[in-house]
Amino acid sequence: MKKNDIIKLKITSMTAQGSGVGKTGDGIVIFVPYSAIGDELEVRVLKVKKTYAYGKIENIINPSPDRIENDCPAFGKCGGCVYRHISYNSEKEIKRQRVVDAVERIGGLKNVKINETVANDRVNRYRNKAQLPCQASTDGVDFGFYANHSHRIVPADDCLLQPELFNKVTKITREFMNQTNQSAYNEKTGKGKLRHLYIRYAEKTEQLMVCYVVNGNGLKQEDILIRTLKENIPELTTVIFNSNRENTNVVLGSKNRTAYGKGYIEDILRGKRFKISPLSFYQVNRTQAEKLYTIAENYAELKGNEVLIDLYCGTGTIGLTMADKCKKLIGVEIIEDAVEDAKYNAEINGIKNAEFVCGDAKFAAEKLSRDGIKPDVIIVDPPRKGLDSELIATIAEMNPERVVYVSCDSETLARDLKLFTENNYSVKEITPVDLFSRTPHIENVCLLTVD
Ligand code: SAH
């Protein structure tokens, strides 16, 4: 097989990243993006390795029954969605299979109960957050989305995963930048002003945060920009300028200046109110997050007398929505602003049995253990890279009856579950929850109990 060969291929499975996979007669695996299980294809070979190759669809001979019409012009160009061409039912099944594969292949665990994927109520426009890169265009500046694995920007006026409200902000900002003759930041030269437009929306309270990430302190004539936003967008609650002068991929700098409003928004989750600052984590899909947290609460089986530790707690959302069902809650989080938000959230919700610690989960857990804290339940909700093996050992030492593992990465979850099973814990069940429809990502909640 060599580059540019055209071969016939049947797609039989999907990778974790959402690329179709087929095998040739001589056993070579070919990855074909934007294909569907069951497709019979003519594939153009793009790159050949020893045992596998990459290809792209040249012609669909016989389409998979899972296929639907794609409805987004940026699909296949922008790095966001991978499943706009298949039915939602097949997407849910593919995502569950991703979890099954990870648990069996990476975790080496057989016969784990993995429930059906909990469906997203809204397959489109479910996100409450956008970070749109700004770039120079022929008539001034443009906003768009990063292409797959790159910093090339695909310009797009709309994203079907985001609320239409965000388009109003984008349009006003673009017009303002062009009328006032201000430039987009250029990653290569380090020159230019506006880096990102960062928007967050609290759906339940209808509060909107607009944050401009600038190479500098602010924009010229920002009073005009703010006035135009206010006049046209009744939901506008706060406008913030975030300063980022570093030559980095990280979107946000550490310094914020509030130009309008209070500098944060508030949303309601499972009946509790939460403050959301620009630098604090907040789940991007509010309604699905509520389902996720409810499953976590069911797994925690709190009766009222427990000590509950919520590691990687962000603004406290998981623990605080169950604080009235346990005796004591201790949250741990590394971002200082998020810890401040968590404390404030406990206060505004009248929660008196919660305490929050700022620090690295691994060291904070060691300290809690040394201090003689004996948790009955530990919840962990780490970023994609999962848990450190030392933290898993510390958790096992503290010996809680139940560990509830909330994970946004099935592969690191599987790796960590293996370590838990080597430390006296058994995996009881896993529920995948679809928070990120049309993208390859899937959230999981897993219950572990002590042997
Ligand atoms: N449980 C929260 C937040 C989950 S996101 C919620 O559902 O909203 C993961 C959180 O872990 C983020 O807030 C991030 O800032 C925090 N974090 C990342 N690395 C950490 C570490 N080493 N120790 C503690 N917290 C960490």
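**Salt bridges, sheet and ligand site**

In the predicted model, Arg122 has a relative accessible area of 25% and is therefore classed as partly exposed. Its salt-bridge partner is Glu203, and the closest N and O atoms of the two are 3.1 Å apart. Glu203 is partly exposed as well, at 21% relative accessibility. This salt bridge links distant parts of the chain, 81 residues apart. Glu203 belongs to the loop between strand 10 (194-202) and strand 11 (207-214), whereas Arg122 belongs to the loop between strand 6 and strand 7 (129-137). Pairs of this kind can form because side chains of opposite charge may come together when their charged atoms are close. The count of salt bridges in the model is 34.

A further salt bridge joins Asp157 and Arg174, with 3.6 Å between the closest N and O atoms. Asp157 is in the loop between strand 9 (153-155) and helix 2 (165-179), while Arg174 is in helix 2 itself, so the contact ties together parts that are 17 residues apart in sequence. The two partners fall into separate exposure classes: Asp157 is exposed at 62% relative accessibility, and Arg174 is buried at 19%. Arg174 is assigned to the buried class because its value is under 20%.

Lys272 and Asp324 form another salt bridge, again with 3.6 Å between the closest N and O atoms. Here too the contact links distant parts of the chain, 52 residues apart. Lys272 is placed in strand 15 (residues 272-276), and Asp324 in the loop between helix 5 (317-320) and strand 17. Lys272 is buried, with 15% relative accessibility, and Asp324 is exposed, with a relative accessible area of 57%. Elsewhere, Glu91, Lys95, Asp434 and Arg438 are joined into one network by salt bridges that share partners.

Strands 6 and 17, named above as neighbours of loops, also take part in an open sheet of eight strands. The strand order is 6-21-22-20-19-16-17-18, and the pairing is mixed. Strand 6 (113-114) and strand 18 (354-358) are the edge strands; each has a single partner strand, so one side of each lacks a neighbour in the sheet. In general, the strands of a sheet pair through backbone hydrogen bonds, in either a parallel or an antiparallel sense. Strand 16 (residues 307-311) runs parallel to strand 17 (residues 328-333), and five bridges connect them. Within this pair, Asp310 is opposite Gly331 of strand 17.

The ligand is surrounded by 16 residues, of which Tyr293, Thr317, Glu333, Ala361 and Asp381 are the closest. Glu333 is also the final residue of strand 17 (residues 328-333). By class, the shell is made up of nine nonpolar, four polar and three charged residues. Polar contacts involve both side-chain and backbone atoms of the protein. An N or O atom in the side chain of Tyr293 is 2.6 Å from an oxygen atom of the ligand. A nitrogen atom of the ligand lies 2.8 Å from a polar side-chain atom of Asp381. In the case of Ile334, a backbone N or O atom lies 3.3 Å from a ligand nitrogen atom. On its own the ligand has 570 Å² of accessible area, and the protein covers 88% of this.

Notes:
Residues numbered from 1 in each chain as written. Predicted model: local features only at pLDDT ≥ 70, side-chain atom pairs only at ≥ 80, totals over all residues. Heavy atoms only, no water. Pairing = 2+ DSSP bridges. Helix = DSSP H or I, 4+ residues; strand = E, 2+ residues; numbered from the N terminus. Near = heavy atom within 4 Å. Polar contact = N/O pair within 3.5 Å; in protein donor to acceptor, adjacent residues only side chain to side chain. Areas by Shrake-Rupley, 256 points an atom, 1.4 Å probe, with all protein chains shown as cover. Nonpolar A, V, L, I, M, F, W, Y, C, P; charged D, E, K, R; others polar. Salt bridge = Lys/Arg side-chain N within 4 Å of Asp/Glu carboxyl O. Buried < 20%, exposed > 50% of the residue type's maximum accessible area, 1.4 Å probe, protein only.
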